[in-house]
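Morning, everyone. I have two topics today: salt bridges and pockets. Let me put the structure up.

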Amino acid sequence: THGEMATVPLGFNIDAPRWDQSTFVGRLKHFLNITDPRTVLVPEEELDRAKALVEGCRAGLVPPGSSQEQLLYAKKLYDSAFHPDSGEKMNLIGRMSFQVPGGMALTGCMLQFYRTVPAVVFWQWMNQSFNAIVNYTNRNAASPISLRQIGVAYVTATSTALATAVGLNLYTKRAPPLLARWVPFAAVAAANCVNIPMMRQQEIINGVTVTDGDNNELGCSRRAAVKGIAQVVVSRITMAAPGMIILPIIMERLEKFPFMQRIRVLHGPLQVLLCGGFLLFMVPAACALFPQRCSLALTDLEPELRDSIVAKHGDKVPYVYFNKGL
């Protein structure tokens, strides 16, 4: 009943970003908040309560005595676990807040077990399966994708990763040892270039919805989709790069020490932990590289879409906006 609900504090908009999203630092703070791995441990009931609180807040009603801190924490949980377009609860593995624990285990293992072909095949396959789940979970929900397309995307990306990894592995047999350690990164980068566009091919074929500055829909643009997806590919490769490029150099140095040769068993766990350290910062930093609400100049749109916008709105819409996905 309305008797038991209080109204939202004046001037408080739960959907307004807390930090300026037009600057890198503002976006970094935003994603540090959303990708916080501790939110993975929050029980389902608490996530559902957070969702109810956020939806109540949008409707202008909250439980009496709710502080702004509580509302912002509810929003943090909501953003970490529910899809921004559809509002559905995302599966745990696909959430950005699971990127650090999931990514550090897989990256650590790819970097540790790079010497034999079966190990390379297994860990690259595991990593691509993880990526496929993440890309599917974070897709632009307005562009549905069929199970067949998901299957094709998954198989293509996995084959690309394996071909790159196994091919380079054989090629680096005679190269300096450090080069062999960089093979997993080359495979991950190559697979990302295939996996993300394939997973999101509907957007490239049909375009994504573009809006004006006030969120009024203007039509669908394929060029906007290509720009958004290209930015996501760059972000994902950036996310993996420092850990997969710098860590092998660190390990190469460390493994020369006698104490490290005595504790070989711990090399794997050590790499996993170090990967976690890199990813804790790199996941939010890579997500923050480009604004989530991506823009495209009117002049860069497809001629037919541009003409229809100009016909309706004249020169009032210099830029169109769309969600680039993650």
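Start with Lys76. This lysine is buried, at a relative accessible area of 13%. Keep in mind that this is a predicted model.

So who is the partner? Which residue forms a salt bridge with Lys76? Asp36 does, and the closest N and O atoms sit 2.9 Å apart. Look at where the two residues come from. Asp36 is in the loop between helix H1 (24-34) and helix H2 (44-58), while Lys76 belongs to helix H3 (residues 68-81). The pair therefore ties together parts that are 40 residues apart in sequence.

Stay on Asp36. Is Asp36 buried or exposed? Buried: its relative accessible area is 9%, and the cut-off for buried is under 20%. Asp36 also forms a salt bridge with Arg38. There the closest N and O atoms are 2.7 Å apart. Arg38 counts as exposed, with 61% relative accessibility. Put the three together: Asp36, Arg38 and Lys76 are linked in a network of salt bridges. That network has two buried members, Asp36 and Lys76, and an exposed one, Arg38.

Now look along H3. Lys75 forms a salt bridge with Asp79. The closest N and O atoms are 2.8 Å apart in that pair. How far apart are Lys75 and Asp79 in helix H3? Four residues, so about one helical turn separates them. Lys75 is buried, at 12% relative accessible area. Asp79 is partly exposed, at 21%. How many salt bridges does the structure hold? Nine, and the ones I have shown are among them.

On to the pockets. Rolling a probe the size of a water molecule over the atoms shows where empty space is left.

The largest pocket has a volume of about 1400 Å³. It is lined by 49 residues. Closest to its centre are Pro84, Asp85, Gln292, Arg293 and Asn323. Which elements give two or more residues to this lining? They are H1, H3, helix H8 (201-206), strand E3 (208-211), strand E4 (217-221) and strand E6 (319-323). H3 gives the most, with six residues. The lining also draws on both domains. Domain 1 (4-88) and domain 2 (92-321) each supply at least three residues. By residue type, the lining of the largest pocket has 21 nonpolar, 18 polar and 10 charged.

Next, the second largest pocket. It holds about 180 Å³ of space. What lines it? The residues are Glu46, Arg49, Ala50, Ala52, Leu53, Pro63, Ser66, Gln70, Tyr73, Ala74 and Leu77. H2 and H3 each supply at least two of them. Here H2 gives the most, with five residues. The split by type is seven nonpolar, two polar and two charged.

Let me close on H3. This helix carries Lys76, the partner of Asp36 across 40 residues of sequence. It also holds the Lys75 and Asp79 pair. H3 is the top contributor to the lining of the largest pocket, and it supplies at least two residues to the lining of the second largest. That's my part. Over to you for discussion.

Terms used:
Residues are numbered from 1 along each chain as its sequence is written. This is a predicted model: local features need pLDDT of at least 70, side-chain atom pairs count only at pLDDT 80 or more; totals for chains, interfaces and linings use all residues. Side-chain values use heavy atoms; hydrogens and water are left out. A salt bridge is a side-chain nitrogen of Lys or Arg within 4 Å of a carboxyl oxygen of Asp or Glu. Buried means under 20% relative accessible area, exposed over 50%, partly exposed in between (1.4 Å probe, protein chains only). On a 1 Å grid over the protein atoms alone, a cavity is a set of points where a 1.4 Å probe fits but cannot get out, and a pocket is an open set with protein on both sides within 12 Å along at least five of seven lines; lining residues have an atom within 4 Å of a point. Grid points are joined across faces, edges and corners, and a volume is the space filled by probe spheres set on the points. Ala, Val, Leu, Ile, Met, Phe, Trp, Tyr, Cys and Pro count as nonpolar, Asp, Glu, Lys and Arg as charged, and the others, Gly among them, as polar. Domain bounds come from an automatic or database domain assignment.
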